[in-house]
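Colleague: I'm new to reading structures, and I'd love a close look at one part of this one. Please start with a single helix and then work outwards from there.

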Amino acid sequence: MKIFISTFIGTLIAIMIVFNGTLSNSYGNYTSTVIIHITGLLFIIFLLLISKTKITLNKATPIYLYSAGAVGVFTVLFNNLSYSALGLSMTIALGLLGQSVTSIIIDHFGVLGMRVIRFKKKKLIGLMLVCFGIFVMERF
C-alpha cells in the first residue's frame, strides 16, 4: 500500500505543477503562490474540522522543523518559475534529480538526524542513468 501511495504522490505532484504553473501564468508567481497556500490552508482546516482533530504543538520538537512550510512555499514558487520556462517533464525530471542527490547526501552523512546509510558506488550507475535520461529529454 505504501508503494502505491508513494507512486500516487508522483501523479499528484505532476498535476499540482500543471495547476500551479497555469495559475502562475494567470496571476504571476507571487500572487499565485499566496493563492495556492491559502487554498491549501482552507482545505486542511476543513479536513481537521471533519475529522475533529485538534492541533497540538509538541514543545520538544526542534524549531527548525517548522521551516518546512517555508520550504513548501519555495518549492511551489520555484516549480512555477521552472514550469513556464522548461515545461512539466523537465521540471519534474530535474526536481527528481535534485531530490535524489540531496537524499543521497542526507543518507550518507546522516544529516538532519537521519539514520546513516552509506552511499555505494553501484548507486552511481542509477544516478548516471537519470542524468543521461535528462540529457536525452533535453536534446530530443
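Modeller: Let's start with glycine 72, which counts as partly exposed at 26% relative accessibility; the word covers the range between buried (under 20% relative accessible area) and exposed (over 50%), using a 1.4 Å probe and protein chains only. Glycine 72 belongs to helix H3, the part we will look at closely. Helices here are DSSP runs of H or I with at least four residues, strands are runs of E with at least two, and both are numbered from the N terminus.

Before we go further, a word on the ground rules. This is a predicted model, in which local features need pLDDT of at least 70 and side-chain atom pairs count only at pLDDT 80 or more, while totals for chains, interfaces and linings use all residues. Residues are numbered from 1 along each chain as its sequence is written, and side-chain values use heavy atoms, leaving out hydrogens and water.

Back to glycine 72: twelve residues separate glycine 72 from alanine 60 in sequence, and their C-alpha atoms lie 23 Å apart in space.

Further along, helix H3 also holds asparagine 80. Is asparagine 80 buried or exposed? With a relative accessible area of 1%, asparagine 80 is buried. Contact here means heavy atoms within 4.5 Å. If we set aside the neighbours of asparagine 80 within four places in sequence, its contacts are Asn20, Gly21, Ser24, Asn29, Ser32, Thr33 and Ile36.

Some of those names come back where two other helices meet. Asn20, Leu23, Ser24 and Tyr27 of H1 are in contact with Asn29, Thr31, Ser32, Ile35 and Ile36 of H2. Sorted by class, this contact has four nonpolar, five polar and no charged residues. For that sorting, Ala, Val, Leu, Ile, Met, Phe, Trp, Tyr, Cys and Pro are nonpolar, Asp, Glu, Lys and Arg are charged, and the others, Gly among them, are polar.

How do we put a packing like this into numbers? Two packed helices are described by the angle between their axes and the distance between the axes. Helix H1 (residues 2-27) and H2 pack at about 130°, and their axes are 7 Å apart. Each axis is a line fitted to C-alpha atoms over the stretch in contact, and angles run from 0 to 180 degrees between N-to-C directions. H1 and H2 are therefore oblique to each other. As for that word, under 35 degrees is roughly parallel, over 145 roughly antiparallel, 65 to 115 roughly perpendicular, and the rest oblique. H1 passes H2 in a right-handed crossing; in such a crossing the near helix is turned clockwise from the far one by less than a right angle, and anticlockwise would be left-handed.

Now return to helix H3 and its meeting with H4. The axes of H3 (residues 68-86) and H4 (residues 88-109) come within 7 Å and cross at roughly 130°. That angle makes H3 oblique to H4, and their crossing is right-handed. On the H3 side the contact is made by Asn79, Ser82, Tyr83 and Leu86, and on the H4 side by Leu88, Met90, Thr91 and Leu94. By class, the H3 and H4 contact has five nonpolar, three polar and no charged residues.

H4 also leads us to the largest nonpolar core, made of five residues: Met90, Ala93, Leu97, Leu127 and Ile134. Such a core is a set of buried Ala, Val, Leu, Ile, Met, Phe, Trp, Tyr and Cys residues joined through side-chain atoms within 4.5 Å. H4 and helix H5 (121-139) are the elements that give two or more residues to this core, and H4 has the largest share, with three. Alanine 93 touches Ile134 and Met137, not counting residues up to four places away in sequence.

Finally, two loops are worth a look. Most residues other than glycine have a negative phi, and most peptide bonds are trans. Lysine 52, in the loop between helix H2 (29-51) and H3, has a positive phi near 55°. Leucine 112, in the loop between H4 and H5, also has a positive phi, about 60°. Lysine 52 is exposed at 73% relative accessibility, and leucine 112 is exposed at 59%.

Stepping back, the protein chain has five helices and zero strands. Of its 140 residues, 14% are buried.
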